[in-house]
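Work through the exercises below with the model open. Try each task before reading its solution.

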Amino acid sequence: MNGDFVFVDELVPGIRWDAKYATWDNFTGTPVDGYLTNRIAGTVALCAALERARDAAATLGLGLLLWDGYRPQRAVDAFLRWSAAPENGRTKSRHYPNIERAEMFDRGYVAARSAHSRGSTVDLTLFRIGSGELVRMGGDHDLMDPVSHHGAPGVSRDEARARHDLRTVMEVAGFAAYETEWWHYTLRDEPHPETYFDFPVASALSGRAAAAR
């Protein structure tokens with residue numbers, strides 16, 4: 001990996017992860033190009049901010065579970081190809097029940113140039129430290145629908161509070177929310193604001209991560 005990128009679990013203990021795009025459990029229904037291992041990568045600056053977010057969440061009895069971090073440009077290109085392919089219905093009811101594939105880009109749920117590819121954006125949720133149970137958020141990861149927007153109607157009071165807790169934790173730690181996806185946050189002072197990387201998320205550690213062990 002690029003020398004400024006590390007695996008989050010190497011620098012931020014206590015954070016859980018489930019790298020959805022390295023698995024079959026995502027809106028494409030298959031592992032995505034560029035994700036060669038089920039781990040979350042990102043910049044060193046991202047990890048420092050996630051450490052602050054982890055500590056803030058812990059004061060509420062909550063932990064962080066990451067679904068995605070750094071996303072290679074080749075993965076974004078795979079999303080574009082998938083969006084142009086014929087609909088097979090495998091993931092539509094779960095991830096985009098009220099729109100067509102190609103509309104994901106027009107509506108801002110997926111971007112041809114993703115902030116994830118700059119290395120300082122994460123998709124995440126909360127879990128309860130005592131039980132390990134995921135907090136109910138009124139919709140799952142990559143539900144591309146207005147119910148996923150911040151302030152969406154149709155979300156219960158407890159779910160709205162949980163979204164508020166996540167947003168507060170992340171903003172205090174230096175992240176900015178994305179209004180159409182409650183799970184998506186970008187580091188405000190990201191180190192590579194104009195660079196979209198394309199190296200794969202692979203099992204080998206970067207030099208900096210190895211040195212930090």
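**Exercise 1. Find which backbone oxygen the side chain of Asn-26 reaches, and describe the setting of Asn-26.**

Step 1. The side chain of Asn-26 reaches the backbone oxygen of Lys-20, at 3.2 Å. This is a polar contact (a pair of N or O atoms within 3.5 Å; within protein, one must be able to donate a hydrogen and the other to accept it, and residues adjacent in sequence count only if both atoms are side-chain atoms).

Step 2. Place the residue. Asn-26 sits in the loop between β2 (16–17) and β3 (41–43). Helices (H or I, at least four residues) and strands (E, at least two) are DSSP runs, numbered from the N terminus.

Step 3. Check burial. Asn-26 has a relative accessible area of 2%, so it is buried. The scale: buried is under 20% relative accessible area, exposed over 50%, partly exposed in between (1.4 Å probe, protein chains only).

Step 4. List the neighbours. Leaving out residues up to four places away in sequence, Asn-26 touches Lys-20, Tyr-21, Val-32, Thr-91 and His-95. Contact here means heavy atoms within 4.5 Å.

A note on the source. This is a predicted model, in which local features need pLDDT of at least 70 and side-chain atom pairs count only at pLDDT 80 or more, while totals for chains, interfaces and linings use all residues. Residues are numbered from 1 along each chain as its sequence is written, and side-chain values use heavy atoms, with hydrogens and water left out.

**Exercise 2. Which residue forms a salt bridge with Asp-25, and which residues join the network?**

Step 1. Apply the criterion: a side-chain nitrogen of Lys or Arg within 4 Å of a carboxyl oxygen of Asp or Glu. Asp-25 pairs with Lys-20, with the closest N and O atoms 2.6 Å apart.

Step 2. Compare exposure. Asp-25 is partly exposed, at 28% relative accessible area. Lys-20 counts as buried, at 8%.

Step 3. Take the second pair. Arg-101 and Glu-87 meet through their side chains in a salt bridge, 3.2 Å from N to O. Arg-101 lies in the loop between α4 (92–95) and α5, and Glu-87 in the loop between α3 and α4, so the pair ties together parts 14 residues apart in sequence. Arg-101 is buried at 5% relative accessibility. Glu-87 is partly exposed at 35%.

Step 4. Trace the network. Shared partners join Asp-18, Lys-20, Asp-25, Arg-94 and Asp-140 into one salt-bridge network. A search of the whole structure finds 20 salt bridges.

**Exercise 3. Describe how Arg-71 is held by acidic partners.**

Step 1. Arg-71 forms a salt bridge with Asp-123, the closest N and O atoms being 3.8 Å apart. The pair links distant parts of the chain: Arg-71 is in the loop between β4 and α3, Asp-123 in strand β5, 52 residues apart.

Step 2. Arg-71 counts as buried at 7% relative accessibility. Asp-123 counts as buried at 1%.

Step 3. Add Asp-68, in strand β4. Its side chain makes a polar contact with the side chain of Arg-71, at 2.8 Å. Asp-68 is buried at 1% relative accessibility.

Step 4. Beyond residues up to four places away in sequence, Asp-68 touches residues including Tyr-21, Tyr-35, His-116 and Asp-123.

**Exercise 4. Which element gives the largest share of the largest nonpolar core?**

Step 1. Define the core: buried Ala, Val, Leu, Ile, Met, Phe, Trp, Tyr and Cys residues joined through side-chain atoms within 4.5 Å. The largest has 56 residues, and Leu-50, Met-104, Met-170 and Phe-175 have the most contacts inside it.

Step 2. Assign the share. Six residues, the largest share, come from α2.

Step 3. Examine α2. Helix α2 covers residues 44–58. Its buried residues are Leu-46, Cys-47, Ala-49, Leu-50, Ala-53, Arg-54 and Ala-57. Down the axis of α2 they fall within an arc of 165° (from the directions of the helix axis to the C-beta atoms), so they line one face of the helix.

Step 4. Follow one hub. Not counting residues up to four places away in sequence, Met-170 touches Leu-50, Ala-53, Val-122, Leu-124, Phe-175 and Tyr-185.

Conventions. The expected span of a helix is 1.5 Å times one less than its number of residues.
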